Structure formats: C-alpha cells, structure tokens
Amino acid sequence: MKVLVAVKWVVDANVKVGVKSDGTGIDIANVKMSINPFDEIAVEEAVRLKEAGLATEIIAVSAGVMQVQETLRTALAIGADRAILIESNEILQPLAVAKLLKALVDKEQPQLVILGKQSIDDDSNQTGQMLAAIANLPQATFASKITIADGEATVVREVDGGAETLSLKLPAVVTTDLRLNEPRYVTLPNIMKAKKKPLETVTPDDFGVDVTPRLRTLKVAEPPARSAGVKVADVKVLVEKLKTEAKVI
Ligand code: AMP
C-alpha cells in the first residue's frame, strides 16, 4: 500500500507572531519555521503503518517556496521514503493545494492519503476535505485511530462530545487529530540518512494547475486587548456585580 502524506511548512508553534504594521498579514520574516504539528503526526502514522507491514512506500509532499524542502527533510527523517516538492512562489490557498494533491494522487495512485486536520498558520481545516471532494475519494477527518484491513480503513474520529467510527473503502483521505499518535524523536543518524533520500521537484505548471489565489485578505488585526479584571471581597459582592454590572444572571 502506497501512502501519500501532505506536510506543510508553518511558523513554529512556539513563535509568537505579530501583525504587519500595514495590517496586510502576519510578519513571518526571520521567524523559525517547522513542520505543521498535525502533519508530523500524519508522517508518524504512515511510518507506523509501514513498520506494521501495511504500507510499502511513504511519499511526503509539500507545496510552497523552495525552502519548504526543510519540512520534507523532516518527513524523510521520521521515515518517509521519498519526497516531492511542488515549488511555487504564489500564496497557496487550500483549494490550490487540494488541486495539486489531486494531480499527485492521479499520478502516484496512493491507497491512503494522510493530511493534518489543519495548518496551525491559517487554521483553514479545508485541504483534506477539498481533496477528497475533487478526487472523489471517501474521507475521515480528525482521526484518533486508523486501522487498515481487507482494503478498508477503519477510522475513529474525534467529534463533539465523543468518538465516531467510520469504515472507508481504500483509496481514501484521512486527516489527523492530536490524539492519533505521539511522533517519534528524530535522531541525528536519521537526519543524516534523510539527506540521501530522493527529493523530486515539480511545479504547478507540470500538472496544469492554476494556483492563483481566490480569496483576498482585506485586513489582519491583533485581537482586542483584554481589559483588567477586578478582585471582589466575597461571593455576595460577586453575585451582586454579576447581576447589576455584568447583567449575566
Ligand atoms: P489547511 O486546510 O490549510 O488547514 O491544511 C490542512 C492540511 O492540508 C495540512 O495539515 C497539510 O497536511 C495539508 N496542507 C495544507 N497546505 C499544504 C501545503 N502547502 N503543502 C502540503 N500540504 C499542505
């Protein structure tokens, strides 16, 4: 079983980003970038499927500027076999990425495509769903457990207030949630080995995909600062204030 895993290069989760002074976006100049955490989980899951003898080959794919290769090297160090960089200097919105992944699905014919449930930079939570729609594949989003047997994937999904179990006929698209697994620590020997693994570069034009952005950002602003709280002497005063000032009870 061939597994395709989509990995995005995003601002590291520990970096506190700021809004550009002209309000056109987030300032990411010179900030640390990393593999999107949900995508790291996706690669880890693919590697576990390979270790269990269920996957035969893992292909990591990332779309973006040349430097996103770094995230592919991380995926290769976790255990992916080869990588594909879809190089583009455009701002790639979820629909464009989904179209590029669809083209790759047509070319590579994977049995399973694993994506993160969302990128932590734009929080879109759209790419996996769009890919499943345009590739006409069954999908299970927010996976917390994946079992593969008899040409089917059984996926436990995180839903409001509980878990839902779905059975999907392969090929299928699955997106990862946090509880799916805990990614392994990438060791130095594996980082060295990853440098020798194949990394192919293609462009959207090779697939005939138009990646022109469809959405226009009008404004990006910091959330309003929270006003300071007040200390109250006792519960009686609290209840009084909730009634007369906050008017919530
Ligand atoms: P999003 O819809 O932007 O929240 O992203 C959901 C998932 O789609 C991510 O966790 C990745 O697995 C995948 N994805 C989004 N953008 C890219 C990209 N530029 N390159 C590779 N994978 C991506």
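**Exercise 1. Is Asn-36 buried or exposed, and why?**

Asn-36 counts as buried because its relative accessibility is 1%. The cut-offs are these: buried means under 20% relative accessible area, exposed means over 50%, and partly exposed lies in between, with a 1.4 Å probe and protein chains only.

A word on the model before going on. This is a predicted model, in which local features need pLDDT of at least 70 and side-chain atom pairs count only at pLDDT 80 or more, while totals for chains, interfaces and linings use all residues. Residues are numbered from 1 along each chain as its sequence is written, and side-chain values use heavy atoms, with hydrogens and water left out.

**Exercise 2. Place Asn-36 in the fold and list what it contacts.**

Step 1: find the element. Asn-36 sits in the loop between strand E5 (33-35) and helix H1 (37-51). Helices (H or I, at least four residues) and strands (E, at least two) are DSSP runs, numbered from the N terminus.

Step 2: list the partners. With neighbours within four places in sequence set aside, Asn-36 is in contact with Lys-8, Val-10, Gln-118, Ser-119 and Ile-120. Contact here means heavy atoms within 4.5 Å.

Step 3: look from the other side. Ser-119 touches Lys-8, Val-10, Asn-36 and Ser-124, not counting residues up to four places away in sequence. Its place is the loop between E8 and helix H4 (127-135). Ser-119 counts as buried because its relative accessibility is 12%.

**Exercise 3. Describe the surroundings of the ligand.**

Step 1: pick out the residues that come nearest. Of the 18 residues around the ligand, these are Asp-39, Ser-119, Asn-125, Gln-126 and Thr-127. A residue is near a molecule if one of its heavy atoms lies within 4 Å of it.

Step 2: go through the polar contacts (pairs of N or O atoms within 3.5 Å; within protein, one must be able to donate a hydrogen and the other to accept it, and residues adjacent in sequence count only if both atoms are side-chain atoms).

- Asp-39 has a polar side-chain atom 2.5 Å from an oxygen atom of the ligand.
- Ala-6 has a polar backbone atom 2.9 Å from an oxygen atom of the ligand.
- Gly-116 places a backbone N or O atom 2.9 Å from an oxygen atom of the ligand.

Step 3: check the cover. On its own the ligand has 480 Å² of accessible area, and the protein covers 98% of it. Such areas come from the Shrake-Rupley method with a 1.4 Å probe; for residues, only the protein chains shown count as cover.

Step 4: ask which elements build the shell. Strand E6 (57-64) and strand E8 (112-116) are the elements that give two or more residues to it. E6 supplies the largest share, three residues.

Step 5: sort by class. The shell holds six nonpolar, nine polar and three charged residues. Ala, Val, Leu, Ile, Met, Phe, Trp, Tyr, Cys and Pro count as nonpolar, Asp, Glu, Lys and Arg as charged, and the others, Gly among them, as polar.

**Exercise 4. Which backbone features stand at Pro-171, Asn-30 and Asn-136?**

Step 1: start with the proline. Leu-170 and Pro-171 are joined by a cis peptide bond, with omega about 0 degrees. Pro-171 lies in the loop between strand E11 (162-169) and strand E12 (172-176).

Step 2: turn to Asn-30. Although not a glycine, Asn-30 has a positive phi of about 60 degrees. The loop between strand E4 (26-27) and E5 holds Asn-30, which is exposed, with a relative accessible area of 82%.

Step 3: take Asn-136. Its phi is near 55 degrees, a positive value in a residue other than glycine. Asn-136 is in the loop between H4 and strand E9 (139-149) and is exposed, with a relative accessible area of 68%.

**Exercise 5. Summarise the chain as a whole.**

Step 1: count the elements. The chain has seven helices and 13 strands.

Step 2: look at burial. Of its 249 residues, 41% count as buried, one of them being Ala-75 in helix H2 (residues 69-78), at 0% relative accessibility.

Step 3: consider the contacts. Among those with a separation of 6 or more, 70% come from residues 24 or more positions apart.

Step 4: bring in the record. An unreviewed UniProt entry places the feature "domain: Electron transfer flavoprotein alpha/beta-subunit N-terminal" at residues 23-211. UniProt positions are given in the numbering used here, feature names are shortened, and annotations may be inferred rather than shown by experiment. Over residues 23-211 the chain is 32% helix and 32% strand.
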